[in-house]
Amino acid sequence: MELAILFGTFVILLALGVPVAFCLGLSSLATLLYLDIPLIVAFQRMAAGIDVFALLAIPFFIFAGELMNQSGIAAKLVRLAESMLGRARGGLGQVSVLSCMMFGAVSGSAVASVSAMGSALTPIMREKGYTRDFAVNVTATGSATGLLIPPSHNMIIYSIAAGGSVSIVSLFLAGVLPGILLGLALMAATWLVAVRRGYPGGAFPGWRQLLVAFLHAAPGLLSAIIIVGGILSGVFTATESSAIAVVYTVIIATFVYRSLNWSKFATATRNAARTTAIVMLIIAAASAFGWLMAVAEVPLRMSEALLGISENPLVLFLIINLILLMLGTFMDMAPLIIITTPIFLPVATQLGMDPVQFGVVMILNLGIGLVTPPVGAVLFVGCAVGGITIEKSLRSIWPFYCAMLLVLLLVTAVPSISLALPGLFD
């Protein structure tokens with residue numbers, strides 16, 4: 001009965017349009033009332049859920065991404081990508097995907113990526129004759145690469161949800177090749193759509209302009225190298241690297257690019273504080289919800305149910321992917337990672353999948369959900385920036401969905417795609 005109350009209340013509130021954090025919190029309170037457990041327990045679990053040192057990395061990475069956006073570093077990345085790929089068929093679409101990959105490597109946020117890249121590229125693409133739906137679809141799906149390419153704060157949340165047994169450094173490294181593979185697949189889809197629609201290619205600007213664009217963007221790109229290199233060399237931890245990212249961004253934006261003033265700094269601080277508050281509230285509420293699922297033995301029951309369906313690991317991995325894809329279309333990524341990791345990770349490891357690989361598979365699944373209605377936060381932001389409706393975007397987004405699903409299947413079936421780099425540094 002407690003499960004019916006927990007999930008029933010959650011689904012009803014979600015259908016009524018109540019924010020996810022409140023859905024999780026209120027359904028947890030309703031279940032505690034039924035179980036006659038003091039309500040203070042919910043708040044204790046919420047406090048315990050965010051009282052984790054590793055979570056300090058989240059506000060710092062979010063702040064670094066906002067600073068890069070406000071200081072114009074995103075625009076310099078776009079210029080570099082345009083110099084590299086602008087001459088290809090549908091060149092600005094290719095530029096959008098590559099820009100999202102580079103911005104994701106320095107911000108780790110899909111929403112920030114689609115907002116920054118969409119604002120910078122959509123007007124230019126419209127001037128060059130590209131349709132709005134193409135511009136939005138390319139940017140929205142391309143922003144998902146930032147969820148995999150380090151630093152990704154969702155990797156940190158997964159590590160914590162796994163009980164701290166999965167190394168954040170290994171997760172960061174594991175996301176590199178799948179992130180690049182996803183970007184290449186989306187570029188291929190972009191090219192196919194461009195050829196079908198007859199979009200032209202551009203002219204190569206010349207090696208001199210390419211070098212100039214690279215030199216302008218290099219200080220921004222260097223932040224990702226500093227973060228990953230510092231962690232691997234043992235100079236600082238993954239959590240400390242987030243603070244290093246903020247300090248480095250402030251220094252280069254102020255003294256190298258000279259584009260960060262007090263007004264932009266205040267805007268970045270305000271945006272980062274608001275986003276951090278939302279993320280932490282969701283994590284806290286999801287922690288209480290997850291604790292009640294553990295009390296009701298949901299992970300054990302789900303494991304037994306899944307293992308009873310088939311003995312074929314590929315069949316079970318396909319089922320898990322389908323469940324995660326479906327859930328990802330209805331809920332935000334952070335609460336789903338916290339709620340579903342204790343359920344599916346034991347099953348995945350029992351079937352022989354490495355916890356690091358499963359983390360990449362989960363985040364890629366939920367990343368696809370971020371560009372899929374009815375919730376689809378990244379797609380909603382992309383459509384708002386591009387000035388079109390969700391319905392118009394969905395009519396032509398299917399080639400990009402196919403590319404993302406193909407990469408998901410490859411990452412699920414081929415462990416070396418995600419485990420090769422972590423294995424080099426073991």
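Buried means under 20% relative accessible area, exposed means over 50%, and partly exposed lies in between, with a 1.4 Å probe and protein chains only. Helices are DSSP runs of H or I of at least four residues, strands are runs of E of at least two, and both are numbered from the N terminus.

This is a predicted model, in which local features need pLDDT of at least 70, side-chain atom pairs count only at pLDDT 80 or more, and totals for chains, interfaces and linings use all residues. Residues are numbered from 1 along each chain as its sequence is written, and side-chain values use heavy atoms, with hydrogens and water left out.

**Overall fold**

The protein has 22 helices and zero strands. Its C-alpha atoms fill a box of roughly 70 × 45 × 45 Å along the principal axes. The radius of gyration is 21 Å, which agrees with the value near 22 Å for a compact globule of 426 residues. That radius is taken over C-alpha atoms, and the globule rule is 2.2 Å times the number of residues to the power 0.38. Of the 426 residues, 54% count as buried. Contact means heavy atoms within 4.5 Å. Among contacts between residues at least 6 apart in sequence, 78% join residues at least 24 apart.

**Helix α9**

Helix α9 (residues 153–161) is mostly covered, with eight of its nine residues buried. The buried residues are His153, Asn154, Met155, Ile156, Ile157, Tyr158, Ser159 and Ala161. They pack against α4 (57–70), α10 (168–174), α14, α17 and α18 (355–370). Gly163 follows α9 and has a positive phi, near 85°.

**Two partners of α17**

Axes are lines fitted to C-alpha atoms, for helices over the stretch in contact, and angles run from 0 to 180 degrees between N-to-C directions. Angles under 35 degrees count as roughly parallel, over 145 as roughly antiparallel, 65 to 115 as roughly perpendicular, and the rest as oblique.

Helix α16 (residues 313–328) packs on helix α17 (residues 333–350) at about 175°, with the axes 12 Å apart. The pair is therefore roughly antiparallel. On the α16 side, the contact uses Phe317, Ile320, Ile323, Leu324, Leu327 and Gly328. On the α17 side, it uses Leu336, Thr340, Phe344, Val347 and Ala348. These residues divide into nine nonpolar, two polar and no charged. Here Ala, Val, Leu, Ile, Met, Phe, Trp, Tyr, Cys and Pro count as nonpolar, Asp, Glu, Lys and Arg as charged, and the others, Gly among them, as polar.

Helix α14 (residues 262–295) also meets α17: the axes come within 8 Å and cross at roughly 25°. So α14 is roughly parallel to α17. The crossing is right-handed, which means that the near helix is turned clockwise from the far one by less than a right angle, whereas anticlockwise would be left-handed. From α14 come Ile282, Ile283, Ala286, Ser287, Phe289 and Met293. From α17 come Ala334, Pro335, Ile338, Ile339 and Ile343. The split is 10 nonpolar, one polar and no charged.

**Positive phi outside glycine**

Asp36 has a positive phi and is not a glycine. Arg258 also combines a positive phi with a residue type other than glycine.

| Residue | Phi | Loop | Relative accessible area |
|---|---|---|---|
| Asp36 | near 60° | between α2 (20–35) and α3 (40–50) | 69%, exposed |
| Arg258 | about 55° | between α13 (238–256) and α14 | 69%, exposed |
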